[in-house]
Amino acid sequence: MAFDKMELRDIEVWDGNFAAAQALRQCQIDVVAAYPITPSTPIVEGYAKFLADNYVEGEFVMVESEHAAMSGCIGAAAAGGRVATATSSQGFALMVETLYQASGMRLPIVLNVVNRALAAPLNVNGDHSDMYLGRDSGWIQFDSYCPQDAYDLNFIAFRVAEDHDVRLPCMVHQDGFMTSHTAQGVHTMDDDTAYSFVGDFKPMNDMLDFEHPVTHGVQTEEDWHFEHKARQHNDLMTKVMPKIQAAFDDFKTLTGREYNIVERYDMDDADVCVVCMGTSVETAREVALEMRAKGIKAGVVGIRVVRPFPFFEIQEALKDVKAIAALDRSAPGGAPGMLFNEIAGCLFNTDTKALLSGYIYGLGGRDLTKKHLVDLFTELQANVDAGKVLTPLQQFIGVRGPKLQFL
Amino acid sequence: MLEIRWHSRAGQGAVTGAKGLADVISTTGKHVQAFAFYGSAKRGAAMTAYNRVDEEIIMNHEKYMEPDYVFVIDPALVYTSDVTINGKEDTKYIITTHMSTDELIASQPKLKGKEVYTVDCIKIAQETIGRPIPNTPMLGAFMKISGMYDIEFFKESMVRILGKLPQKIIDANMIAIQRAYDEVK
């Protein structure tokens with residue numbers, strides 16, 4: 001091969017951004033078209049440096065905006081290459097139009113989204129506003145809780161996205177700063193092992209295959225548009241989860257590291273649990289263990305696959321629990337939080353009598369402390385003891401001023 | 001769990017220092033975490049960086065910390081920031097200053113009754129590395145106060161971490177680390 005391999009230690013101390021950049025190097029991305037934005041910039045910077053240092057055989061395209069970045073990725077993916085980029089927040093928002101193009105054209109692009117708040121007011125810190133903005137875009141969305149996940153899920157994302165039965169783009173999310181700029185031990189794969197997991201890119205309907213000319217991005221009015229969208233949705237609902245599970249299984253065989261569509265921690269006998277995403281999952285796990293020492297049977301459910309939403313897996317995970325808190329790190333703009341609504345939808349029409357309450361937290365990087373979570377689990381236990389939700393259904397955690405609660 | 005908070009100005013190398021320390025500790029089989037509060041900090045703005053070290057995998061991602069050690073690598077921050085915030089009874093403070101420990105405590109009464117150590121990392125860095133980058137000397141002082149690792153092992157580890165820098169700069173950093181180790185009081 002024309003490029004150099006890199007010697008890695010078994011455990012490297014990497015932040016989430018560098019872990020993702022290393023994964024892009026090891027996957028040997030053909031094209032990265034990128035525009036920088038905090039806190040995701042070091043991912044594409046990292047790829048560019050690896051490319052300049054001859055650790056990758058590929059192309060880095062500097063563009064004038066995130067809209068152009070994703071447009072470049074779409075062009076390169078349609079031409080028939082392995083393609084990735086990264087963005088956050090306002091950049092993600094500017095990309096939205098092209099996100100729908102990518103999924104509608106069934107292009108297996110991997111987008112690392114380093115989650116950050118959306119302005120106004122301007123804020124560079126981590127919350128899930130941008131992740132939520134993308135949730136109807138037809139992309140597969142994976143969520144990382146720590147730098148190790150950000151590394152591993154990139155490989156899994158390429159494996160799933162590029163599968164010819166799937167051919168849908170994937171986002172790999174990580175929390176801005178809390179994962180992206182937090183260095184922790186990351187178990188690495190050597191370059192050959194890592195590449196073997198994703199394998200050579202296998203083109204499908206690639207525009208550079210001149211023997212088999214194809215058209216991408218056509219116009220379909222009311223005669224065909226709905227059929228295309230319905231088929232895309234059908235594939236998301238029926239084909240993607242088994243492929244993700246297969247990729248998780250193969251990854252565990254390869255590395256020993258286990259991922260699940262819905263992660264369940266201490267849920268076997270849990271009375272109360274929180275459902276959340278990102279770094280909060282790990283903090284909540286630690287607090288749940290401490291609550292058990294105090295006699296409250298606490299558990300944690302982490303969403304690993306945000307889209308397609310794991311409807312049945314959530315039903316299964318929550319079937320025996322007595323009180324559930326849905327934690328949303330995004331301002332819902334005049335509605336219950338996304339997780340509250342999705343979970344309510346999962347549990348409706350089932351036999352559960354679980355008490356469900358929603359919490360909005362951590363906007364603009366506001367700290368979710370262990371103390372907050374202790375109070376939350378205590379509140380859930382009080383609901384269980386009373387046999388009803390004693391608080392309004394929507395509360396805010398960690399915001400100053402008069403207590404905000406609704407519904 | 002061992003927890004450390006760094007008080008620094010953006011550009012003085014607290015993040016690099018925290019990550020370097022985490023890297024060294026990680027090689028000894030412990031679990032580590034290193035992060036910082038950036039905000040939209042510009043060069044020179046006060047900022048904090050953090051280390052967590054544990055035998056178990058670290059799942060806590062809260063930013064709130066009651067540190068075991070506080071490192072202050074810019075001398076003025078003792079007066080313009082509250083370096084004792086969320087401190088514990090036995091929190092140890094290692095502070096960069098040209099003053100003696102007694103003079104420092106007299107000038108900042110909040111430090112009274114605390115376990116305070118002083119070392120002039122700025123001066124050491126200027127005299128060895130040639131630039132006021134006080135992060136590596138602070139780690140030398142920390143090795144002395146904590147007794148965490150043998151100083152020779154620590155210096156060898158830092159040589160690897162500083163690997164890409166010119167040899168002259170690496171050598172200067174080693175002298176700086178040793179001097180801070182010897183001079184901290």
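**Entry 1: a strand pair in chain A.** I began with Val113(A), and found that its bridge partner in β7(A) is His173(A). I keep in mind that this is a predicted model. Looking at the two strands as a whole, I noted that β5 (residues 110-115) and β7 (residues 170-175) of chain A pair in the parallel sense, over 6 bridges. I then looked up what covers them, and saw that helix α6 (residues 147-162) of chain A lies across β5, β6 (140-143) and β7 of chain A, running at about 170 degrees to β7(A).

**Entry 2: the sheet.** Following the strands outward, I read the order β3-β2-β4-β5-β7-β6-β12 in chain A, an open sheet of 7 strands with mixed pairing. At its edges stand β3 (59-62) and β12 (305-307) of chain A, and because each has a single partner strand, one side of each is left without a neighbour in the sheet. I also noted that neighbouring strands of this sheet are turned by 20 degrees against each other on average, direction ignored.

**Entry 3: where chain A meets chain B.** I looked up the contact between the chains, which takes 19 residues from chain A and 19 residues from chain B. On the side of chain A that touches chain B, at least two residues each come from β1 (11-14), β8 (183-187) and α10 (279-293) of chain A, and the largest share, 5 residues, is that of α10(A). By kind, I recorded that this side of chain A divides into 7 nonpolar, 7 polar and 5 charged residues.

**Entry 4: strands across the chains.** I found that β8(A) pairs with strand β2 (residues 31-37) of chain B in the antiparallel sense, over 2 bridges, and that Gln184(A) stands opposite Gln33(B) in β2(B).

Definitions and conventions. Residues numbered from 1 in each chain as written. Chains lettered and ligands numbered in written order. Predicted model: local features only at pLDDT ≥ 70, side-chain atom pairs only at ≥ 80, totals over all residues. Pairing = 2+ DSSP bridges. Helix = DSSP H or I, 4+ residues; strand = E, 2+ residues; numbered from the N terminus. Axes fitted to C-alpha atoms, helices over the stretch in contact; angles between N-to-C directions. Contact = placed C-beta atoms within 7 Å. Nonpolar A, V, L, I, M, F, W, Y, C, P; charged D, E, K, R; others polar.
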